[in-house]
Amino acid sequence: MAWNMVEGVLHAFRRRLTVDQALRFADCLPPVVRALFLENWHPDSSPTPLGTPEEILAEVRSVRPKHNFSPPNAVEAVATALRACIKGEALERALSALPIGATDFWATS
């Protein structure tokens with residue numbers, strides 16, 4: 001369940017970034033998370049608009065839908081976990097290089 005949720009959140013976020021933005025963000029991720037973030041990526045695709053939290057959650061839940069039980073706070077839960085495991089200001093530096101609104105994706109309460 002956790003793997004589907006993390007994969008769904010990372011891929012939903014990645015689809016909203018340009019190639020340069022995605023690679024800059026990937027640089028701050030731990031190796032296994034970075035690999036998951038980049039898995040099955042098609043860098044020639046145009047970024048998807050940010051969308052509503054409901055649209056993003058539906059996208060997260062679309063990963064292996066018969067086995068995906070991502071809760072309503074899936075994005076926030078993954079953001080909290082990333083903030084806990086990424087050292088120093090690396091995540092904040094990576095997020096500051098992203099377009100307006102992208103940082104809201106990783107907001108935690």
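**Close-ups of a seven-helix chain**

**Figure 1. Glu7 in helix α1.** Glu7 sits in helix α1, which covers residues 2-14; helices here are DSSP runs of H or I with at least four residues, strands are runs of E with at least two, and both are numbered from the N terminus. The model is a predicted one, where local features need pLDDT of at least 70 and side-chain atom pairs count only at pLDDT 80 or more, while totals for chains, interfaces and linings use all residues. Residues are numbered from 1 along each chain as its sequence is written, and side-chain values use heavy atoms, with hydrogens and water left out. With a relative accessibility of 6%, Glu7 counts as buried (buried is under 20% relative accessible area, exposed is over 50%, partly exposed is in between, using a 1.4 Å probe and protein chains only). Setting aside residues up to four places away in sequence, Glu7 touches Leu36, Glu39, Val63 and Arg64; a contact means heavy atoms within 4.5 Å.

**Figure 2. Glu7 paired with Arg64.** One of those neighbours does a bit extra: Arg64 and Glu7 join side chains in a salt bridge, at 2.8 Å from N to O. Glu7 belongs to helix α1 and Arg64 to the loop between α4 (53-61) and α5 (74-85), so this pair ties together parts that are 57 residues apart in sequence. For a salt bridge, a side-chain nitrogen of Lys or Arg has to be within 4 Å of a carboxyl oxygen of Asp or Glu. Arg64 is partly exposed, at 37% relative accessible area, whereas Glu7 is buried at 6%. The whole structure holds four salt bridges.

**Figure 3. Glu59 with Arg15 and Arg16.** Here a network of salt bridges links Arg15, Arg16 and Glu59. In the bridge between Glu59 and Arg15, the closest N and O atoms are 2.5 Å apart. Glu59 is in helix α4 and Arg15 in the loop between α1 and α2 (19-27), so the two tie together parts that are 44 residues apart in sequence. The side chains of Arg16 and Glu59 meet at 2.9 Å, N to O. Arg16 is also in the loop between α1 and α2, so its pairing with Glu59 in helix α4 ties together parts that are 43 residues apart in sequence. As for exposure, Glu59 is buried at 16%, Arg16 is buried at 9% and Arg15 is partly exposed at 33%.

**Figure 4. The second largest pocket.** About 160 Å³ of space lies in this pocket, the volume being the space filled by probe spheres set on grid points, which are joined across faces, edges and corners. Its lining counts 13 residues, and Arg14, Arg15, Trp41, His42 and Ser45 lie nearest the centre. On a 1 Å grid over the protein atoms alone, a pocket is an open set of points with protein on both sides within 12 Å along at least five of seven lines, and lining residues have an atom within 4 Å of a point; a cavity, by contrast, is a set where a 1.4 Å probe fits but cannot get out. The lining splits into five nonpolar, six polar and two charged residues. Ala, Val, Leu, Ile, Met, Phe, Trp, Tyr, Cys and Pro count as nonpolar, Asp, Glu, Lys and Arg as charged, and the others, Gly among them, as polar.
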